[in-house]
Amino acid sequence: MSRLCLKCGSELNDEYTCTNCGLKIDIYEKIQNTSKLLYNQGLQVAKLRDLTGAISLLKRSLKLDKNNIDARNLLGLIYFEIGEVVSALQQWVISKNIQKDDNIADYYIEKIHHNQHKLDTINSAVKKYNQALKYIEQKSEDLAVIQLKKVISLNPNFVKAYCLLALCYIHDNNLAKAKKILLKVLSIDKSNYVALKYYEEITSQDPEESKEKEKIYAIDKKQENYSIKAKPKKESRINPSVLQFGYVIFGVVIGLLVAVFLIVPGKVKSKTKEADNLRKEILTKENEYDTLLDSLNSDKEKLQLDLDEKNEVAKQYEEKAANFEALENLQSAVAFYLDNDKEAAANKLYVVKSENLTSNSKQLYNKLRQEIYPVMAKNAFTEGSRLYSRGKSPVVEKNLNQAVAYFKTATKFASSDDYFADDLLYYEARCHQLLGNNKEAIDLFQKLIDQYPKSSFKTWSNNYLSQLKN
Amino acid sequence: MINFEEEIKRFKPCLEIEQAEESIYAYDSKDVSDILQEMIREIKNDDK
């Protein structure tokens, strides 16, 4: 045994007690050994992915001996594995402070600091996780779920984020998704208390799962009963040669059992590992898909906004073009009017869309219309009437067709208040009747009767209408 | 049945990188031998 205190390095007295700190060296050694034992246990369970168990053991190990560098470094590594990078850094920095040289914590810290992008990503994941907690506080679980999905895509091992997401899904009664998330947690940390508790709760609610569980329990019970009921047989006298043969058979059976127990678990283990890897891969792909979907949705929103903006601009251009066209037609009409070509002026004026004119232009439009339209309508009516008279007896088709064209022009420019409005309908109807265009004639006679009930042509119109309908 | 309100209380905010330094200084690294030393010191003081 050393003559120096293992804790403070001072001299020991004859009873192996430190003269400075007063610690008994054998007690201190026992404490250190227990700490090492706990570290070994922690390492073993960590290898089996029981990370919660490992954290508990390593924390106890460090409570016994804070200078247990291996325990501290492993604790940091496990924190890193479950996505808690700041806690990991905390352990490694303390470890490096205790033992400056030949310390693997140095390598871990260096590795993290070297990849600034990764560190930023992880920190962003932590911030988003904290933000998700705030959202839940504000009763915005839907926003929290979106945030947590982002957290997981940034840091796919962040166990706390998975557990919180699973809780949100359970709250939303989305048990299938919660279950998937919890299986992911358990693939990272086998004995995560929160995940196990939620998983147990979900499966107890699922009737199919419960049935399966009951079946398993029933089989177990049956086997148990069977094993209890099975009693040893009484010994009997056996021939020695038969006994030798029996030993050979027994040896073969043992050999087979050894082969089965040694080979099959290996195969099962490798298959389980394969399944775990596949599950991990599926979850990663799903997360990638969710992230992609989020970004596509946001792109879609941006594009929609852009499109709305462009449509608005296009609409403004269309309005301006329509205004311009209306103004241009009005200008042409004015030009024709000034040249005393009233027919051309009237036709131009007719195509002007007055709703696209400004108030000043509209005034000019109305004035011009009042000036030209009545003249145009009256002239066309007079000319049409003249041709009708010439063409009706004997029937001269050419005259009647020309008369119809004039009547149409007159209708175009006439107003319903014009004194010849009913005459116009009557003569046009008569032209059509004489030309054999019965449908047009019927429509026009009917229109006259409906719109001008006091017209002097009403009786004639009724008579002709009856003739045409019969 | 899981009580959402109760469960959510168990989730605490995680430390961010900016808080790492502060958390290292605040870390309680006292172990059993430190506690034993304190006890021995107290006993010695009482004897005096």
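**Exercise 1. State how confident the predictor is in chain A, and find where confidence fails.**

Step 1. In this predicted model, chain A has a mean pLDDT (the predictor's confidence in each residue, from 0 to 100) of 85, and 86% of its residues reach 70 or more.

Step 2. Over residues 219-237 of chain A, pLDDT stays under 50. The model gives this stretch zero contacts beyond four places in sequence, a contact being two residues whose C-beta atoms, placed from the backbone, lie within 7 Å.

Step 3. Where pLDDT is low, predicted coordinates should not be read in detail.

Residues are numbered from 1 along each chain as its sequence is written, and chains are lettered from A, ligands numbered from 1, in the order in which they are written. Local features need pLDDT of at least 70 and side-chain atom pairs count only at pLDDT 80 or more, while totals for chains, interfaces and linings use all residues.

**Exercise 2. Describe the contact between chains A and B.**

Step 1. Chain A gives 33 residues and chain B gives 23 residues.

Step 2. On the side of chain A, α6(A) supplies the largest share, eight residues. Helices here are DSSP runs of H or I with at least four residues, and strands are E runs of at least two, numbered from the N terminus.

Step 3. Chain B itself has three helices and zero strands.

**Exercise 3. Locate the largest nonpolar core.**

Step 1. Of its 58 residues, A:L148, A:Y162, A:L165 and A:A166 touch the most other members.

Step 2. The largest share, 11 residues, comes from α8(A).

Step 3. This core lies between domain 1 (25-114) and domain 2 (127-219) of chain A, because both give residues to it.

Conventions. A nonpolar core is a set of buried Ala, Val, Leu, Ile, Met, Phe, Trp, Tyr and Cys residues joined through C-beta atoms within 7 Å. A residue is buried if 20 or more other C-beta atoms lie within 10 Å of its own, exposed if 12 or fewer, and partly exposed in between; C-beta atoms are placed from the backbone. Domain bounds come from an automatic or database domain assignment.
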